[in-house]
Amino acid sequence: MSSLPEIRRPDIERRGLRDHVYDHILEILLTGELTAGERVSIDGLARLLDVSPTPVREALVDLERTGLVVREALRGYRVAPPLDREQLDELFVARETIETAATRLATPADDAFLRALEDAHADHEQAGARVREAAQTAAETTEDPDAARRIEVAAAQDYYAKDRAFHSVILEGCGNRYLMKMSSDLGAQVHRLRQALPHGITDVDDAIAEHRAILDAFASPDPTAPEAAMRHHLRMVAHRALVEDPQPPDA
């Protein structure tokens, strides 16, 4: 049997570099290193990532589709402004539609699924404890508040990652690649919302309790319980973001 010839495929290498650059710029945007409305320097990002400007431009074209950056004629790219109230309402409706459908399709749960969800929930609980500790440390620290703030931000980023991991178990368990893709596309916007809320993370206990209820619902014999628990959780998340914070970022 003949083997494939060893031919370099620069188009594949180029796509790999573009994906790598895309991931790095996405991380910069989601960690808040660039603030809403700030100009995005293609040359500056190219120097930072040690690449030519071309893959940076290509990555920004892709990121424009996510809504994280906007292109202005003759002026280049800027970080997108905060979502307005109408966009936030639509975002939560879209998220509820996708994730309740995924939860319904993931029901009934087998043992492997329940173990994975239990592990994700335990990780989320631990991350929540670190958020509480970091917030207390930041409140009590007077000598080096900047260092305390960095610890608080790192704890928040880890907490949100563990939150996403819990929901990802359910999305992966639903077995529908299109729902998973749609959820992934919404993920950046959900993260933008979290960054923009001025009150930070104040619902650790509520969110963890609601995740616990979802887990218990999957373990119950009631086939309607998981979807109902997920819907309740997402509506409470929306309530805390939109009702308990009466002044959205751009209101």
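The following exchange goes through the helices and nonpolar cores of a predicted model.

Biologist: How many helices and strands does the chain have?

Modeller: This is a predicted model, in which local features need pLDDT of at least 70 and side-chain atom pairs count only at pLDDT 80 or more, while totals for chains, interfaces and linings use all residues. Residues are numbered from 1 along each chain as its sequence is written, and side-chain values use heavy atoms, with hydrogens and water left out. Taking helices as DSSP runs of H or I with at least four residues, and strands as runs of E with at least two, both numbered from the N terminus, the chain has nine helices and three strands.

Biologist: Are α8 and α9 roughly parallel or roughly antiparallel to each other?

Modeller: The axes, which are lines fitted to C-alpha atoms over the stretch in contact, with angles from 0 to 180 degrees between N-to-C directions, come within 7 Å for α8 (residues 204–219) and α9 (residues 225–242) and cross at roughly 170°. Angles under 35 degrees count as roughly parallel, over 145 as roughly antiparallel, 65 to 115 as roughly perpendicular and the rest as oblique. The two helices are therefore roughly antiparallel.

Biologist: Which elements give two or more residues to the largest nonpolar core?

Modeller: A nonpolar core is a set of buried Ala, Val, Leu, Ile, Met, Phe, Trp, Tyr and Cys residues joined through side-chain atoms within 4.5 Å, where buried means under 20% relative accessible area with a 1.4 Å probe, protein chains only. The largest such core has 18 residues, and Val40 and Leu60 are among those with the most contacts inside it. The elements that give it two or more residues are α1, α2, α3 and β3.

Key:
Buried < 20%, exposed > 50% of the residue type's maximum accessible area, 1.4 Å probe, protein only.
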